[in-house]
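Thank you all for coming; I would like to take a few minutes this morning to walk through one model with you. Please have a look at the sequence and the structure first, and then we will go through them together.

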Amino acid sequence: MSFLLSRPAKTFKPKRSLLPGSHQADLLKHAEATLGSGNLRQAVALPEGEDLNEWVAVNTVDFFNQINMLYGTITDFCTEDTCPVMSAGPKYEYHWADGTTIKKPIKCSAPEYIDYLMTWVQDQLDEETLFPSKIGVPFPKNFIAVAKTILKRLFRVYAHIYHQHFNTVISLEEEAHLNTSFKHFIYFIQEFNLIDRRELAPLQELIDRLTSKDQ
């Protein structure tokens with residue numbers, strides 16, 4: 001899904017693109033065309049005859065790019081001073097660990113945490129054995145588990161933006177972009193049961209409100 005932002009598009013990290021002409025690029029076009037119909041429940045459904053892993057992979061890349069762009073517009077307002085801890089409201093604080101270079105969770109500022117997070121996601125997306133870009137290369141057996149971890153962590157960026165920077169989003173006139181992106185994300189993870197409900201607690205009220213109209 002592409003957004004026309006009211007200020008110059010600035011991504012936080014380099015955008016991850018799919019190979020032009022590849023099956024995954026075609027799948028993304030299908031997703032964007034279905035999104036254009038305005039029916040988000042239909043847009044997230046697995047297209048007939050398609051591989052679930054590939055559909056999850058294409059959408060995970062797309063969500064990374066969306067969140068990348070949305071966070072990129074507020075980086076000037078998310079600083080060590082304004083956000084000394086990575087939080088989603090007073091009850092939820094996140095500490096960073098990636099299990100390899102940082103094994104014990106560390107407390108860090110929101111911009112530092114999100115930099116770690118987005119760099120880690122980018123590394124996963126660039127790993128050809130995890131996210132194969134060539135036709136015929138199989139996905140690993142643990143692919144869905146990896147995708148779940150990626151999406152769980154990307155959710156935390158939405159949660160931080162909503163709790164700590166929503167007034168800035170409104171002042172930049174990007175509220176509709178953020179809400180549409182987040183609603184699309186939620187419908188997708190609900191469709192395939194990709195994030196544990198407990199992880200969604202910081203934004204559960206908002207999720208209920210955004211999705212209640214479509215019940």
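I will start with the overall picture, then turn to the helix packing, and finish with some individual residues.

Please keep in mind throughout that what you have in front of you is a predicted model. The protein contains seven helices and zero strands, and its pattern, if you read along the sequence, is accordingly α-α-α-α-α-α-α. Of its 215 residues, 53% count as buried, and about 10,800 Å² is exposed, with carbon and sulfur atoms supplying 51% of that area. If we consider the contacts with a separation of 6 or more, residues 24 or more positions apart account for 74% of them.

Let me turn to the packing of helices 3, 4 and 5, beginning with the first two of these. The axes of helix 3, which covers residues 52–72, and helix 4 come within 11 Å and cross at roughly 150°; an angle over 145 degrees counts as roughly antiparallel, and the two helices are therefore described in that way. The crossing of helix 3 with helix 4 is left-handed, and the contact involves Thr60, Val61, Phe64, Ile67, Asn68 and Tyr71 on the helix 3 side, with Pro111, Ile114, Met118, Val121, Gln122 and Leu125 on the helix 4 side.

How do the axes of helix 4 and helix 5 cross? Helix 4, residues 110–126, has an axis that comes within 11 Å of that of helix 5, and the two cross at roughly 150°, so this pair is also roughly antiparallel. This crossing of helix 4 and helix 5 is left-handed, and the residues making the contact include Tyr113, Ile114, Trp120 and Gln124 from helix 4, and Ile150, Arg153, Arg156 and His160 from helix 5. You may notice that Ile114, Met118 and Val121 of helix 4 appear in the contact with helix 3, and that Ile114, Met118 and Val121 also appear in the contact with helix 5.

Within helix 4 I would point out Gln122, which is buried because its relative accessible area is 15%, under the cut-off of 20%. Gln122 and Asn65 are 57 residues apart in sequence, and their C-alpha atoms are 9.9 Å apart in space.

Two further buried residues deserve a look, and the first of them is Met86, in the loop between helix 3 and helix 4. Is Met86 buried or exposed? Its relative accessibility is 0%, so Met86 counts as buried. Once its neighbours within four places in sequence are left aside, Met86 is in contact with Tyr92, Glu93, Tyr94, Cys108, Ser109, Ala110, Tyr113, Ile114, Arg156 and His160. For one of these, Tyr113, the C-alpha atom is separated from that of Met86 by 6.5 Å, although the two residues are 27 residues apart along the chain.

The second is Ala57, in helix 3, which is buried with a relative accessible area of 3%. Leaving aside neighbours within four places in sequence, Ala57 is in contact with Phe131, Phe139 and Phe143, and from Ala57 to Phe131 the C-alpha distance is 6.7 Å, while in sequence they are 74 residues apart.

That brings me to helix 6, which has 17 residues, 175–191, and reaches 24 Å from its first C-alpha to its last, close to the 24 Å expected at 1.5 Å a residue. Why is this helix described as largely enclosed by the rest of the structure? Twelve of the 17 residues of helix 6 are buried, and that is the reason for the description. Among the buried residues are Leu178, Phe182, Phe185, Ile186, Tyr187, Phe188 and Ile189, but also His177, Asn179, Lys183 and His184.

The loops on either side of helix 6 each hold a residue with positive phi that I would like you to find. Glu173, in the loop between helix 5, residues 143–171, and helix 6, is a residue other than glycine with a phi near 60°, and it is exposed, with a relative accessible area of 64%. Asn193, in the loop between helix 6 and helix 7, residues 204–212, has a phi near 55°, again a positive value in a residue other than glycine, and Asn193 is exposed, its relative accessible area being 57%.

Terms used
Residues numbered from 1 in each chain as written. Predicted model: local features only at pLDDT ≥ 70, side-chain atom pairs only at ≥ 80, totals over all residues. Heavy atoms only, no water. Helix = DSSP H or I, 4+ residues; strand = E, 2+ residues; numbered from the N terminus. Expected span 1.5 Å × (residues − 1). Buried < 20%, exposed > 50% of the residue type's maximum accessible area, 1.4 Å probe, protein only. Contact = heavy atoms within 4.5 Å. Areas by Shrake-Rupley, 256 points an atom, 1.4 Å probe, with all protein chains shown as cover. Axes fitted to C-alpha atoms, helices over the stretch in contact; angles between N-to-C directions. Parallel < 35°, antiparallel > 145°, perpendicular 65-115°, else oblique. Left-handed = near helix turned anticlockwise from the far one by under 90°.
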